[in-house]
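User: Please go through this model with me by question and answer, with the cut-offs behind each term.

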Amino acid sequence: MCKKMNEEKKKRKAVIIGCGIAGPALAIALKHVGIDSEIFEATKTTPNFGILSLTSNAICALKLLGVFEKIKTDNSPNAYFYKHDGRLLKIPDMVSELEKHNLDDGIIVHRSNLVQELKEKAVSNGTRINFEKKLVDIQEEPDKVIAIFEDGTEIEGDLLIGCDGPFSKTRNIVLSNSPLPTYSGNIWTGVDLGIYKKFDLLPNAFHMTFGRKAYSGTLTFSDSRTIWWTNVPCPENTLEEFKKMSPGNWTKKLSELHKDDHARMLDSIKSGNNKHVRIPLYDIPYLPTWHRNSVCLIGDAAHATSPYIGQGAAMAMEDAIVLAKCLRDIPESNNAFVKFEKLRKKRTENIVKISQQTGSLITTSNPIKQLLRNLLLPRTITSSIKKLNWIFSYKISWDEKIK
Ligand SMILES: Cc1cc2nc3c(=O)[nH]c(=O)nc-3n(C[C@H](O)[C@H](O)[C@H](O)COP(=O)(O)OP(=O)(O)OC[C@H]3O[C@@H](n4cnc5c(N)ncnc54)[C@H](O)[C@@H]3O)c2cc1C
């Protein structure tokens, strides 16, 4: 039996679709359990805008993947919240609140750094990454799976894992009856302001403003490099029109949105030189299943989430490690996928739901809800850290066997 299991492990090759966060994390995790893989990414390179806040659970995953030391920063920013007029809302000190629950502070990283380090580690382990390979079809045969790319090339493997994000083609092909991602009603838009020293913003800190019409954030690094972003409410039926808006008109729209808020908002918008990135926010609250035969989904492809509690990248890396452990300990891939889904689905669905609820509270434009939210903020922060401890304290270990 043991010999059979080893042979099964030796001969398996995984085809990974997508080289965002889940893809290279999975390649590293699979290598750790003795499974070779190859990654196929649709784009030419990795998008380089954006920051990620990584909480204790993400840090645990990064350590298991062996990249924490490379991406670790001294950026454990504190958070400050402001009313629309710029008055600071009193809240408890986050770092001490986390310490009370034995949780790490968390870190902030540039998305591009994280993806780059994951890619480098995967490549140094012998994983090949192929760019400009857009998956267009999948053929499943009894003993293999074949991925077909837009350029007409094909690759076969023993299993295929869709790490291709919220609009996963893998999901679209093999789980075609799945519900579509749900639009949140908001476009996230942001810009890198470079070294920004106006308004005496405390460095190494998040400065969040509950604007009259939109929730906005500023992250200032220790060297005063500053990222500014806001959530633009946008009904689904006007989404296309908003996406196509010229950069100049987009900036005008942002200025209009924040015209009743404190001066820093308008200045940040102007200082962005019309270079705002725009990302409509979608989530996937529920899929009936994540796998079929020798194909499985992980990361945003399975459970995309809005960014309000900063957990999407964390969940993608957790998935990668748990799936690798399932494939290590359960001989048949299909049975391993069943176990993987059982271990991960409830947690990820709950996180997506909590993120949605948090988003609707922080982005509300209802004045009464805004008033209540601002009044209750100190209590909400303390109780949330306690209530959400199960998210942040989630620990995985390579040693523990999956049964
Ligand atoms: C504004 C914003 C802020 C966020 N902030 C945080 C945060 O602070 N903390 C946190 O933990 N998470 C955060 N997230 C969530 C996080 O970014 C995602 O959950 C994470 O990127 C998911 O990783 P993934 O690899 O599953 O998907 P992705 O990162 O989307 O990667 C998918 C990859 O698949 C490729 N692909 C797509 N289709 C194909 C195809 N047909 N063939 C081949 N390749 C394909 C794509 O090009 C892409 O490279 C945020 C998200 C947003 C939008």
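User: Which residues does Arg278 touch, not counting residues up to four places away in sequence?

Analyst: This is a predicted model, in which local features need pLDDT of at least 70 and side-chain atom pairs count only at pLDDT 80 or more, while totals for chains, interfaces and linings use all residues. Residues are numbered from 1 along each chain as its sequence is written. Two residues are in contact if their C-beta atoms, placed from the backbone, lie within 7 Å. By that criterion, and leaving out residues up to four places away in sequence, Arg278 touches Ile187, Thr189 and Lys243.

User: Why is Arg278 classed as partly exposed?

Analyst: A residue is buried if 20 or more other C-beta atoms, placed from the backbone, lie within 10 Å of its own, exposed if 12 or fewer, and partly exposed in between. Arg278 lies in strand E16 (residues 277-283), where strands are DSSP runs of at least two residues and helices (H or I) are runs of at least four, numbered from the N terminus. Arg278 is partly exposed because the number of other C-beta atoms within 10 Å is 15.

User: Where does the largest nonpolar core lie relative to domain 1 and domain 2?

Analyst: A nonpolar core is a set of buried Ala, Val, Leu, Ile, Met, Phe, Trp, Tyr and Cys residues joined through C-beta atoms within 7 Å, and the largest here has 78 residues, with Ile16 and Leu323 among those with the most contacts inside it. Its largest share, twelve residues, comes from helix H12 (residues 312-329). Domain bounds come from an automatic or database domain assignment; since domain 1 (2-181 + 284-392) and domain 2 (182-282) both give residues to this core, it lies between them.

User: Which element supplies the largest share of the shell around the ligand?

Analyst: A residue counts as near the ligand if its C-beta atom, placed from the backbone, lies within 6 Å of it, and of the 32 residues around the ligand, Gly18, Gly20, Gly165, Gly299 and Gly312 come nearest. Helix H2 (22-32), strand E3 (51-54), helix H11 (300-303) and H12 each supply at least two residues of this shell. The largest share, four residues, comes from H12.

User: How many residues does the contact between the domains take from domain 2?

Analyst: The C-alpha centres of domain 1 and domain 2 lie 25 Å apart. The contact takes 26 residues from domain 1, and from domain 2 it takes 28 residues.
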